[in-house]
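Let's take a friendly walk through the inside of this protein, looking at its empty spaces, its packing and a few notable backbone spots. Keep the viewer open as you read.

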Amino acid sequence: MDQIELRQWENRCIQEEPAPCVAACPLHVDVRTLIGHVAGGDWAKALMVLNKVMPLSGILGRICDAPCQTTCNRAKVGEAIRIADLERACVDHAGRPRRVLPLPQKNIQVAVAGSGLSSLTVAWDLARKGYAVTVIEPGGTVGGNLVRRYPQRLTDAIVAAELDHLSRIGVRFETNGSVDPDGLMQADAAVYIGLDAVPADAVGLDRTDLGMFRFAGDTGREGLFAGGSHPSPVWQAASGRWCATSMDRWLQKVSMDAGREKEGPIETRLFTNLEGVTALPAVGMADPSTGYTEDEAQHEAGRCLQCQCLECVKVCAYLGHFGGYPKRYAREIYNNESIVMGERKANRLINACSLCGLCETVCPNDFAMQDLCLMVRQSMVQRGKMPPSAHDFALQDMAFSQSDAFSLARHAPGMDGSRYLFFPGCQLSASAPGHVRRVYAHLRTELSGGVALMLGCCGAPAHWAGQQALFQETLDRWLATWNDLKRPQPIVACSSCLQMFTRHLPEADVISLWEVLETAGLPHAAPPPLDGPLAIHDPCTTRDEPDVQAAVRRLLDWAGVTVEPLDLERERTECCGFGGLMQNANPDLAREVAERRGRRSDRDYLAYCAMCRDSLAATGKRTWHLLDLLFPDPEVADPAGRPRPGWSRRRENRQRLKDQLCREVWGDASPADASGEPPPPLDLDPAVEALLESRRILESDIRSVIQHAESDGQRFYNPETGYSLGFLRTGHITFWVAYTLTANGFRVHNAYAHRMEVLGP
């Protein structure tokens, strides 16, 4: 990813766009933050926010006419926040924190004619930049017009306090002075005429020309600037600020217009979801003449919506887990990719995304975090920067599914061609192999033309891991096998398989099992009794498959099963924590995702993806699989309470499924008949079994280590415990097992593994 791509990604996230009130303010006061501090009663911080961009806040904060208020989102659900009154309360109730000190003196003289709001703003800004500023008031009182114009809000003391601060930063004041531009320009490097206090015709300016300024305040005469003719106080101050910027740039002999496109009110793309927001009226004042009391101001500020987007973070535990939002993550990922030497701290962020696409669905600007993470995974793999530990176990499991232990492709018995091909996928076969056998038998009975069977993996783990070459190799292998079977219509039971083939093998024209069962008919066995409606969970890989989602609901209706929708369903459904290899890269987060999904309803859940069902079940959530209802297993008393099979059981289930199908469907001899003596049993207490599960260590790995240690004697021995410690390195994985010999096998006390690439010198 280069800088241009980064900017494109960052621009899609609108979280950092200004709130409507901030965008509409001519000075861009951070109204949202200010009101947040007021709501919390932190007046000092509120005033600091105001002082950051508002000149002469003691004056303007009391008379600001708040054009920003017309854009307030709260007006759509109640009354707009009374921003002007809250600014007044801020300067009334807060102390006066230390002001920003001016820059070193430039020894450049600047004259400001008039002491209206625009003129005092010019003096404020230029003095802070180090200019020697003299304010020349043609009358007898500096700022006197302000008190006369706003007698209900301003007093002589208030104005005097602000003028005193201007004096402290070096501004000089002259009263009863001449404001003739020609005379002033002879003595000063630049001159400003404040038209809110000095009439244009009195100083020889043609008001009709003032709207033709090339830059803010530029009159066309060298060094002479004018502004402040707007009747609005905040616009007068803004005009003064823009003129001060023009004067500074003119004096510094730099570009007058570069980087000034955001001066004044701007458009904002920020989206704030108002769904479910209660309409509230504005908080009244006990005495409008004195403004809000502290308590009244806090209650009024409490109505503020604190406008922001975060639509994706609200619904995605992954995005919230890392404490940011997509724009910030894009920068972190870019920096991570740019590292030549050193630690890549964003690897977990990159690899933990489930790639489910919910963020893109809810984002008003279609930011696809899944595309960004997948692109970077692919880049890291291609450049040899992806740590093996991130996805190793999933890729090893995929390799098992592609091996002879599980892989299978055959026509139905007695047939050399088939109209259909049933591809159940590796995870349904691992979770509930009995369902695969029953569904395949049903399809062979109900579908004419023959139904072939293919066991294997669609390659999703390789795709999710960014292993493009391995993924393509898997697809090519599947395609070659499908061609050998004479290209029958594929029927897939797994929504991840459906997604992979639909997107990457469109020529296969796969169809979902659930759509097929609608036309092929269903078994006549009644579904198990239910205690009430089920909460239906859609797999995230069906997000773009409304026909599949609808077919599932029609099947449930046919079966007489009542379902309730979750608040996030169909195209807005949440991931279960398995997709994108989240369970491998960040198991704790994956469990948090599944638990969060399970808390959406107190009902038992209904899933039609094997991994969704097992991920939810692993958190203790009672979850049915759709096939539990359509093809009930009489030997399972409580399908919804069936525990998630561990990693070792999942591999055994796949291997056993192939063996049973070969014997029961095709009459083949069982491979187990010629395998010789069974291996010695392993004694695993529940704590050790849970440890192996969390560390992704299979019982077959344990047996290999013990067999290696016992056969060549390469092991450690602890005389205090009597434990032997065996080890075995296979590829870039090193397994360690602490065990003891028992009367008929081995007792395992501990095991761990290093998943890393060991490099030589």
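## Spaces inside the model

The largest cavity holds about 270 Å³ of space. Please bear in mind that this is a predicted model. Lining that cavity are 28 residues, and Q427, W464, S496, F578 and M611 are the closest to its centre. At least two lining residues come from each of α19, α20 (426-431), α22 (460-464), α24 (495-504) and α29 (610-618). The biggest contribution is that of α19, which gives five residues. Across the whole structure, the search finds eight cavities of 30 Å³ or more.

The second largest pocket has a volume of about 460 Å³. Its lining consists of 19 residues, with S389, A390, N584, A585 and R755 nearest the centre. Two or more of the lining residues come from each of α16 (347-352), α19 (392-402), α27 (582-585) and β19 (746-755).

Here is how the two linings break down by class:

| Space | Nonpolar residues | Polar residues | Charged residues |
|---|---|---|---|
| Largest cavity | 21 | six | one |
| Second largest pocket | seven | seven | five |

## A closer look at N584

Is N584, in helix α27, buried or exposed? N584 counts as buried because its relative accessible area is 15%, and buried means under 20%. Leaving aside neighbours within four places in sequence, the contacts of N584 are A390, F393, A394 and R696. A390 also appears with N584 among the residues nearest the centre of the second largest pocket.

## How the nonpolar residues pack

In soluble globular proteins, nonpolar side chains tend to be buried together. The largest nonpolar core in this model has 127 residues, and Y318, M369, F422, F501, L513 and W514 have the most contacts inside it. Helix α18 (residues 369-382) is the top contributor to this core, with six residues. Apart from it lies another core, made up of 78 residues, including L117, V122, C304 and C307.

F501 is a good residue to click on. Not counting neighbours within four places in sequence, F501 is in contact with F423, C458, L475, W478, V492, P506 and V510.

## One side of helix α3

Which residues of helix α3 (residues 31-39) are buried? They are V31, L34, I35 and V38. These residues sit on the same side of α3 because they cover an arc of only 95 degrees around the axis. The spacing fits a general rule: an α-helix has 3.6 residues a turn, so residues three or four places apart point the same way. Among the elements covering the buried residues of α3 are α2 (20-24), α4 (43-53), α6 (83-93) and α12 (294-301). Just after α3, G41 has a positive phi of about 75 degrees.

## Positive phi away from glycine

Two further residues have positive phi values without being glycine. N107 has a phi near 60 degrees, and its place is the loop between α6 and β1 (109-113). N107 counts as exposed because its relative accessibility is 70%, with exposed meaning over 50%.

R570 has a phi near 50 degrees and belongs to the loop between β12 (563-565) and α27. R570 is classed as partly exposed because its relative accessibility is 29%. That loop leads back to α27, the helix that holds N584.

Definitions and conventions. Residues are numbered from 1 along each chain as its sequence is written. This is a predicted model: local features need pLDDT of at least 70, side-chain atom pairs count only at pLDDT 80 or more; totals for chains, interfaces and linings use all residues. Side-chain values use heavy atoms; hydrogens and water are left out. On a 1 Å grid over the protein atoms alone, a cavity is a set of points where a 1.4 Å probe fits but cannot get out, and a pocket is an open set with protein on both sides within 12 Å along at least five of seven lines; lining residues have an atom within 4 Å of a point. Grid points are joined across faces, edges and corners, and a volume is the space filled by probe spheres set on the points. Helices (H or I, at least four residues) and strands (E, at least two) are DSSP runs, numbered from the N terminus. Ala, Val, Leu, Ile, Met, Phe, Trp, Tyr, Cys and Pro count as nonpolar, Asp, Glu, Lys and Arg as charged, and the others, Gly among them, as polar. Buried means under 20% relative accessible area, exposed over 50%, partly exposed in between (1.4 Å probe, protein chains only). The arc is that of the directions from the helix axis to the C-beta atoms. Contact means heavy atoms within 4.5 Å. A nonpolar core is a set of buried Ala, Val, Leu, Ile, Met, Phe, Trp, Tyr and Cys residues joined through side-chain atoms within 4.5 Å.
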